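This report covers salt bridges and one helix packing contact. The sequence and the structure come first.

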Amino acid sequence: MKKNNTPSVAIIGGGPSGLIAAEKLAQAGCHVTVYERKASVGRKFLMAGRGGLNITHSENLDEFLKRYGTAQKILAPIIQNFTPDMLRTWCDDLGQETYVGSSGRVFPKSMKASPLLRAWLARLEALNVQIKRQYTWQGWNEDGALIFERPDKEKELIKPDAALLALGGGSWPDLGSDGSWVGILEKHGVQVNALKPANCGFTIPWSAYLKDRHAGQPLKNITLTVDDKTAQGEIMINTNGIEGGGVYALSSFIRNGLERGPATIHIDLKPSLTAEALAEKLSRNRKRQSFSTWIQKAAGLNATQIAFLREFNPNITEYTSEQLAKAIKSIPVTVEAPFPIDRAISSAGGISFDSLTPDLMLKSRPGVFVAGEMLDWEAPTG
């Protein structure tokens, strides 16, 4: 693997963590080879691009770091070495300018992942980074060499100067990150906390009416609250429950709540109005209008919002204006479970920081480092 006596590094995993590491190491003078189990790299990255590719967030760095919760202290020095602003500059240098959306989230102006990935791969090629596709990592042999299954199903042993594991978490397994590395590392004394769905939706047993008539419809400009945590955004109703940005922002708190028992989300359909102002609007003469027509005009609710309100308030037509305003401002929605991990945007859990040195090297495997979603952290940073 060595070339001109330069340090050789094997990077296992061709997602964003592996590719950015390959770029930085090659720029530092290392001979870098990326091993990817699929036929192409960046598959999950491209999937994320279908939704516009939310790269990062524009908020103040101190606030951004808080999103990492219990992992903030450990990850802060690492993130400060490659901040969201630096990430935007990196995109610009690849010819992919970014912009800040109304939510503060950052996107490429092209709203696609493919142009960015093409430019990135061209840069890696110029840096002489070698990418070997359809190479499946199977652990180490007794001499400490990395074992790969090649495309021809034969075994290949690699013994670089250093290795970086960037195999992803357990979400979207068809795209490559299936968590199969967990068993390998546990056999070598690495503590791995159970992989769980993160940035995910949650199941709700809808009535047949709501499921049949309103699945696939959004609830926009709402506020969600779980315990003392609040997020503003939108959610999407689907046949099994709810998902969307507002839910993802609170998914860790909802999931952790479910581990203790039933979890309830309170949804405010009209966060721009106080309960008193809403009650005043609802106290006006209804005349001969149907309930749906009246509340649509008085409260500014659309058909999906009205159906959602009725779902959790079956006797709503009998409410006073004050009771109706209170119901609109706080709909208690009890969720049953998170969507399966293979439906989640990302996964929580992973390698415990107790098994790592401060520079993210495995204590049980000197010279082997870990990056990205394999680590035990989660954060709704979008």
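The structure is a predicted model. Two topics are treated in turn: the charged side-chain pairs, then a pair of packed helices.

**Salt bridges**

With a side-chain nitrogen of Lys or Arg required within 4 Å of a carboxyl oxygen of Asp or Glu, the model holds 15 salt bridges. The table gives the N to O distance for some of them, including a pair in helix α3.

| Pair | N to O distance |
|---|---|
| E63 and K66 | 3.1 Å |
| D152 and R150 | 2.9 Å |
| K196 and E259 | 2.9 Å |

E63 and K66 both belong to helix α3, residues 61-66, and sit three residues apart, so about one helical turn separates them. E63 has a relative accessible area of 39% and is therefore classed as partly exposed, since that class lies between the 20% limit for buried and the 50% limit for exposed.

The same limits apply to the next pair. D152 is partly exposed at 44% relative accessible area, and its partner R150 also counts as partly exposed, with a value of 24%.

The third pair in the table links K196 to E259, with the closest N and O atoms 2.9 Å apart. K196 is part of strand β11 (residues 192-198), while E259 is in the loop between α9 (245-258) and β16 (263-268), so this salt bridge ties together parts that are 63 residues apart in sequence. K196 is partly exposed, with 29% relative accessibility. E259 has a relative accessible area of 51% and counts as exposed, the cut-off for that class being over 50%.

Some salt bridges also share partners: K132, R150, D152 and E156 are joined into one network in this way. The R150 and D152 pair listed above belongs to that network.

**Helix packing**

At what angle do helix α5 and helix α6 pack? The angle between α5 (residues 84-93) and α6 (residues 114-126) is about 80°, and their axes are 10 Å apart. Helix α5 is therefore roughly perpendicular to α6, because angles from 65 to 115 degrees fall in that class.

On the α5 side, the contact is made by W90, C91 and D93. On the α6 side, L116, W120 and R123 take part. Sorted by class, the residues of this contact are four nonpolar and two charged, with no polar residue. Asp and Arg count as charged, so D93 of α5 and R123 of α6 are the charged residues in the contact.

Notes
Residues numbered from 1 in each chain as written. Predicted model: local features only at pLDDT ≥ 70, side-chain atom pairs only at ≥ 80, totals over all residues. Heavy atoms only, no water. Helix = DSSP H or I, 4+ residues; strand = E, 2+ residues; numbered from the N terminus. Buried < 20%, exposed > 50% of the residue type's maximum accessible area, 1.4 Å probe, protein only. Axes fitted to C-alpha atoms, helices over the stretch in contact; angles between N-to-C directions. Parallel < 35°, antiparallel > 145°, perpendicular 65-115°, else oblique. Contact = heavy atoms within 4.5 Å.
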